[in-house]
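Trainee: Please take a close look at one part of this model and walk me through it. I would like one connected account, with the surroundings added afterwards.

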Amino acid sequence: MKNLDKIFVAVLIFMSLNSHSQDSKNPWAISFGVNAIDTKTSAGGGKNWLDGHISQPFDVKDNWNIMPTVSYVGISKYIKDNVTFGVAGYINKMSKFVSFNPAALGHDSRGFVVSNPGDLTYYGIDATFRYTFQSAIKSKMIDPSLSIGGGYNFLKGSSFGTINPGLGVTIWFSKHIGLELATKYKKSFEDRITNGMPYAPSFFQHTAGLVVKLGESPSE
């Protein structure tokens with residue numbers, strides 16, 4: 001797997017050598033990297049909605065599910081007026097599920113409990129519209145963005161849809177290659193927990209990876 005990852009990176013870098021910025025003349029980009037799933041937002045609890053859903057956002061050790069390999073890949077196309085449309089696929093394994101149960105053994109000071117639901121395999125596919133602010137801030141390196149879209153998710157025996165608002169930033173090392181950091185709040189249409197285990201939970205999904213801008217539009 002490690003060798004395949006290296007070959008994949010080398011091929012994408014080679015393809016990017018003749019590419020230019022992602023715009024109407026050069027509309028395509030490919031991204032790949034790792035994703036992390038945090039189910040804390042579906043646990044409830046907290047002093048209010050914001051505290052219950054957004055607190056402890058960077059508790060990586062206790063709450064984040066991460067696979068140590070390439071676990072997402074996406075492709076996007078520039079539309080116009082700083083808007084791109086993309087699709088992406090994800091794989092992960094859920095071994096940390098956060099619930100709110102102050103009566104349970106092992107809960108933390110806020111009443112949250114982290115359990116292993118059985119190393120559940122997760123698959124997901126998203127479609128996303130992204131608006132970039134790079135031209136607005138007149139930066140060649142920093143590319144912040146907002147996004148909105150939807151997705152369909154598979155978690156063991158369940159499948160469920162989500163609506164996915166998000167934000168991100170890309171740091172461009174050159175005109176061709178950048179580091180893409182993003183987070184999405186995947187709000188489940190069902191948001192159900194069955195027997196204390198995740199069935200169709202809402203969750204945060206964070207991604208970090210490379211984005212490579214690709215060739216010219218055939219019409220140009």
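Mentor: Ala 208 lies in strand S14. This is a predicted model. Ala 208 has a relative accessible area of 30%, and because partly exposed covers the range between under 20% (buried) and over 50% (exposed), Ala 208 counts as partly exposed. Along the sequence, Ala 208 and Gly 33 are 175 residues apart. In space, their C-alpha atoms are 5.7 Å apart.

Strand S14 also leads to a pocket. The second largest pocket has a volume of about 210 Å³. It is lined by 11 residues, and the closest to its centre are Pro 57, Phe 58, Thr 183, Phe 204 and His 206. Two elements give two or more residues to this lining: helix H2 (49-54) and strand S14 (203-213). By type, the lining of the second largest pocket divides into five nonpolar, four polar and two charged residues.

The surface also carries a nonpolar patch, formed by Trp 28, Ile 75, Ile 79, Phe 85, Val 87, Phe 129, Ile 148, Ile 163 and Phe 189. Together these residues have about 810 Å² of accessible area. Strand S3 (72-80) and strand S4 (83-94) each supply at least two residues of the patch. Another member, Phe 189, lies in the loop between strand S11 (177-188) and strand S12 (192-194). Phe 189 counts as exposed because its relative accessibility is 63%, and the cut-off for exposed is over 50%.

Note on methods:
Residues are numbered from 1 along each chain as its sequence is written. This is a predicted model: local features need pLDDT of at least 70, side-chain atom pairs count only at pLDDT 80 or more; totals for chains, interfaces and linings use all residues. Side-chain values use heavy atoms; hydrogens and water are left out. On a 1 Å grid over the protein atoms alone, a cavity is a set of points where a 1.4 Å probe fits but cannot get out, and a pocket is an open set with protein on both sides within 12 Å along at least five of seven lines; lining residues have an atom within 4 Å of a point. Grid points are joined across faces, edges and corners, and a volume is the space filled by probe spheres set on the points. Helices (H or I, at least four residues) and strands (E, at least two) are DSSP runs, numbered from the N terminus. Ala, Val, Leu, Ile, Met, Phe, Trp, Tyr, Cys and Pro count as nonpolar, Asp, Glu, Lys and Arg as charged, and the others, Gly among them, as polar. Patches are made of residues with over 30% relative accessible area and no salt bridge: like charges are joined within 9 Å, nonpolar side chains (Val, Leu, Ile, Met, Phe, Trp, Tyr) within 5 Å. Accessible areas come from the Shrake-Rupley method with a 1.4 Å probe; for residues, only the protein chains shown count as cover. A salt bridge is a side-chain nitrogen of Lys or Arg within 4 Å of a carboxyl oxygen of Asp or Glu. Buried means under 20% relative accessible area, exposed over 50%, partly exposed in between (1.4 Å probe, protein chains only).
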